[in-house]
Structures are given as C-alpha cells and as structure tokens.
Amino acid sequence: MTDTVIKINQLTKDYGKGRGIFDVDLDVHRGEVFGYVGTNGSGKTTTIRQIMGFVRPDKGQSSVLGYDSWKNATKIMQYVSYIPGEIAFPSLASGTDFLKLQAEYQGVTDFSYMNHVIELLQLDPTANLKRMSKGMKQKTAIVAALMADKEILVMDEPTTGLDPLMRDAFLNLVREEKEKGRTIFMSSHIFEEIEEVCDRVAMIKDGHIVDTLELWQLRHWKTKTFRIYFSSKEELARFTEAFRFVIGKKEAQLCCTVEMPVEETSHLFHILKDYQVSSLREEHLSLEQYFMQVYQKGANKNGKC
Ligand SMILES: Nc1ncnc2c1ncn2[C@@H]1O[C@H](COP(=O)(O)OP(=O)(O)OP(=O)(O)O)[C@@H](O)[C@H]1O
C-alpha cells in the first residue's frame, strides 16, 4: 500500500475572475520527489500555501501526515521544512543572526547538516542581510529551511535567483534529501530541473491540474522517435517513400524524423542496412515538450491557451 504524506482533495481557493485553484486533487507519497509545474499565475503558490495551512480553503481539504492543513498548521510545521517563494526577512544585522534565530525557533542544536548546506551552496552567512543579493537571500532561506532535518520538504520555486552552478548544487541537495527518505514537494517553472530530480510531476494551468506524470514514463515511452541523416537527397527520398513511420523531412539537411512503436525499432535498424546513412540519433521527449502537448490538448478542448 502506498503511504500518502500529502493529500489534497477537491481543494479550491477562488480569488474571483478565474484566479486561484479549483478542485485540485493530489497525492504525494512517502519518499518521493514531487514536482509541481505551471506557468506564471497558474496556482502553484496558492496550492503550497494551502498545504502549509496559511490560507483557509473555500472547498475541499489538504492534509499532511493525516493532519488537516488549515486546522493543524502549527502541528504540520513540526514535520515540514518550508522554503517560501518570497522571503520576508526580519530586520537583523546578518545572515548568521537570522540562522541563529531560526535554529532557536526550530530547536536545532546539531549544526553539522546546516554547515554542510552552507558549504555546498557556498554561502557567506556573515554578510549583511539587507545587502544580500537575491541569490544569497535564497541560499539563506534554503539553509534555514534545511537545518532542522525534517521529514518533509515543501519548496516554492526554490532555485529562484540561483545561478546555474548553484542550481546544480541545490539539485544535489535534493537528491541527498531523497536518499535520506525525505518526501519532497517542489514547484518550479524550470522543466529541466523537475525532469532531473523528480519522480512524479503534476501540471497546473489556470488553477486546474491538467496532468500528472511519472517521470520514468518519459524515458520509457511506448513510441520511439529517431532523426536519421542520409548521404544524399536520393537516399532520403528513397527512404521516406518506403518507410511508413516518417513524420517529417528536411531536404536541405538530408534528414527525416520517424516516430514508431517501440517494437518496430529492430525493423527500422534492419532496413537501414540498405541505405547510406550518415548518422542517426534518438530524440527524447522532454518534459517541456510533453507539457506543451498537454497544454495544447487543453487548449483544443476548452478553446483557451
Ligand atoms: N491573495 C490573493 N488575492 C487575490 N488573488 C490572488 C491572491 N493570491 C494569488 N492570487 C491570484 O491567483 C492566481 C494564482 O497565483 P499563484 O501565486 O498561486 O500563481 P503561481 O503559479 O505561483 O505563479 P508564479 O509562478 O508567477 O509565482 C494568480 O492569478 C494570482 O494573481
């Protein structure tokens, strides 16, 4: 039986004029990294604030470890490390002062993991809190959230403001946390990072969940797509006329794209022996491409997009 850590059921927060979230259903399982993607204003932060119990839902329910988010927000904080989308720092002199305050508040006495995170993110916490760059502030918020080593991590666009190197370092931290058995819920609009670290992903659009996907499905799709380059126009034409799974052709580049059921792959390789092929590469469907397809389908259905 799957152990559900975060359960969201018919959750609705209606801000009017179609803004908010509507009838959201989500289950986050113990030990998984769950990604939450959507364009600006699609409802990611609204959902996360509901999970944390900051806002009363208009309808439906969110619960964490069986505790109703709204009714037991304080209890939930015992189990959840939270990185908000926007951090409002108190007026303190330095990052160190802020981290000390956080440690006191969260009852942290062992600072070894905090120091590990500081080192990994190359943060100088002694800097003036007010003068910190966006990235430094984000790192400080990450350190503050992770220091308590709680079993659930809820993060609202945690890589905002981080440069690509630091983003990689952060994703390594996420992997470390997953290794430790943590359950992680993170929102993002950067598809690559969700693709890199998440087990499952939900896509939200205009406040509605439009799809939920297990990331391994992207790698083990029922169809395979290849781009094949030929030595001449004649060879390209001969192939495209003969092979029924061709979905596109670029004469100038002497290449075509084929998309076919996985079980046809060996057949393709077999017939290619009769052609002069200069190169062949498999095209993987990226999460972003998949997302665009889902959005497009949604648009066809409801006339939006
Ligand atoms: N307190 C509020 N009052 C009125 N409208 C709100 C409130 N909070 C959010 N909204 C609206 O609800 C919608 C969803 O906002 P939300 O912040 O959840 O989106 P998001 O997916 O997190 O966006 P982003 O990626 O830009 O951070 C937006 O149209 C936003 O303007």
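Reader: How many strands form the open sheet that has β2 in it, and in what order do they come?

Author: Start with the general idea: strands of a sheet pair through backbone hydrogen bonds, and the pairing is either parallel or antiparallel. Keep in mind that this is a predicted model. Here 4 strands make up an open sheet, ordered β2-β1-β4-β5, with antiparallel pairing.

Reader: Which strands are at the edges of that sheet?

Author: An edge strand pairs on one side only, and here that goes for β2 and β5 (67-68).

Reader: Let's zoom in on one pair. How many bridges join β1 to β2?

Author: Strand β1 (residues 4-16) is joined to β2 by 8 bridges, and the two run antiparallel. For one spot to look at, take lysine 13: its bridge partner in β2 is isoleucine 21.

Reader: Where else can I practise? What is the order of the strands in the open sheet with β12?

Author: That sheet has 4 strands in the order β12-β13-β11-β14, again an open sheet with antiparallel pairing. Its edge strands are β12 (246-250) and β14 (277-282), each pairing on one side only. From one strand to the next, the twist averages 20°.

Reader: And how many bridges are there between β12 and β13?

Author: β12 pairs with strand β13 (residues 255-261) over 4 bridges, in the antiparallel sense. Look for lysine 249, which stands opposite cysteine 256 in β13.

Reader: On to helices. At what angle do the axes of α3 and α5 cross?

Author: For a helix pair, look at how close the axes come and at the angle between them. The axes of helix α3 (residues 95-106) and helix α5 (residues 134-146) come within 9 Å and cross at roughly 25°. Angles under 35 degrees count as roughly parallel, so α3 is roughly parallel to α5. The crossing of α3 past α5 is right-handed.

Reader: Which residues meet there?

Author: From α3 you have Gly95, Phe98, Leu99 and Gln102, and they meet Thr140, Val143 and Ala144 of α5. Sorted by class, this contact has 4 nonpolar, 3 polar and no charged residues.

Reader: Last one: how many residues surround the ligand, and which are closest?

Author: For a ligand, ask who is around it, then which elements those residues come from. The ligand is surrounded by 13 residues, the closest being Tyr15, Asn40, Lys44, Thr45 and Thr46. Both β2 (19-29) and α1 (44-51) supply at least two residues of this shell, and α1 gives the most, with 3 residues.

Reader: What is the make-up of that shell by class?

Author: The shell around the ligand has 10 polar, 2 charged and 1 nonpolar residues.

Technical notes
Residues numbered from 1 in each chain as written. Predicted model: local features only at pLDDT ≥ 70, side-chain atom pairs only at ≥ 80, totals over all residues. Axes fitted to C-alpha atoms, helices over the stretch in contact; angles between N-to-C directions. Parallel < 35°, antiparallel > 145°, perpendicular 65-115°, else oblique. Left-handed = near helix turned anticlockwise from the far one by under 90°. Contact = placed C-beta atoms within 7 Å. Nonpolar A, V, L, I, M, F, W, Y, C, P; charged D, E, K, R; others polar. Near = placed C-beta within 6 Å. Pairing = 2+ DSSP bridges.
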